[in-house]
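Reader: Could you take me through the salt bridges here, pair by pair, and tell me how exposed their side chains are? If there's room, I'd also like a quick look at one helix and the cysteines.

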Amino acid sequence: MSHGEGDEELVLTARAMLAVGRSAEEVFVALAARSSDWGASALAVCLALGIPRTDAEARIREVRPLFEEFTVGEDDLVASVLAFVDVFVVDRVLDAHQERIRDLLGTAAGARGGYPGSLLACFRSGELTKIFLYFAKTRFRNGRGSTPDFWAAMIAAGELLATGDGPDQAGVTAGLEHCRAQASSVGAGRQVRP
């Protein structure tokens, strides 16, 4: 993809719009209406979000075939698709403590038998508390996953999350207690250590 002055102007406009609280999808729609180029508009939003150019260009190349499914004027639908396939997700670099929590949540997801695709963006963006709270509400169906391994990983992740502070600490504490109660009810004697 080439990047000229027009692209830089789109990026500056996207940054300004994001700075005042507009969502990535809203910014894309506004830019697409202005430029009539979905690829350039998506690239501008990605760059304005801080996604490295090579990564942003690769994401746009991947989704470009989807553009053929839409016609002029369907900018909002294209924005929804781009959001759905996580084009605008900013990957977060985690420290060692956060990586351990993410790994434990990944272990829990595996023991659960997987996770909804909507949580992939949360894993990529490092929304660990959100994932933990979602998984803490898990109900197991007969024959799916490993219940003891799931709750052991969740307890370990919850204990690590509980050492932090933030607006969701009460939820984390309640979720951790719920995980411990679930582990006790299934007789999960082994526990993954944080």
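Author: Sure, here's the charged-pair tour, followed by one helix and the cysteines.

This is a predicted model, so local features need pLDDT of at least 70 and side-chain atom pairs count only at pLDDT 80 or more, while totals for chains, interfaces and linings use all residues. Residues are numbered from 1 along each chain as its sequence is written, and side-chain values use heavy atoms, with hydrogens and water left out.

Side chains of opposite charge can pair when their charged atoms come close. The rule for a salt bridge is a side-chain nitrogen of Lys or Arg within 4 Å of a carboxyl oxygen of Asp or Glu, and by that rule the count comes to 11.

Take D55 and R59: their closest N and O atoms are 3.1 Å apart. Both sit in helix α4 (residues 53–67), 4 residues apart, or about one turn. Helices here are DSSP runs (H or I, at least four residues; strands are E, at least two), numbered from the N terminus. An α-helix has 3.6 residues a turn, so residues three or four places apart point the same way. D55 is partly exposed at 28% relative accessible area, whereas R59 is buried at 9%. The cut-offs are under 20% for buried, over 50% for exposed and partly exposed in between, with a 1.4 Å probe and protein chains only.

Helix α10 holds another such pair, R180 and E177, 3 residues apart, with an N to O distance of 2.8 Å. R180 is partly exposed at 30%, and E177 is partly exposed at 42%. Shared partners also join D55, R59, D91 and R124 into one salt-bridge network.

D103 and R102 pair up too, at 3.9 Å, N to O. D103 is partly exposed at 40% and R102 is partly exposed at 28%.

Now the helix: the buried residues of α8 (residues 128–136) are L128, I131, F132, F135 and A136. Down the axis they fall within an arc of 130°, so they line one face; the arc is taken from the directions from the helix axis to the C-beta atoms. They pack against α6 (96–112), α7 (120–125), α9 (147–162) and α10 (169–185), with contact meaning heavy atoms within 4.5 Å.

As for the cysteines, there are 0 disulfides, a disulfide being a pair of cysteine sulfur atoms within 2.5 Å. The nearest cysteine sulfur to that of C122 belongs to C179, 17 Å away. C122 is buried at 5%, and C179 is buried at 0%.
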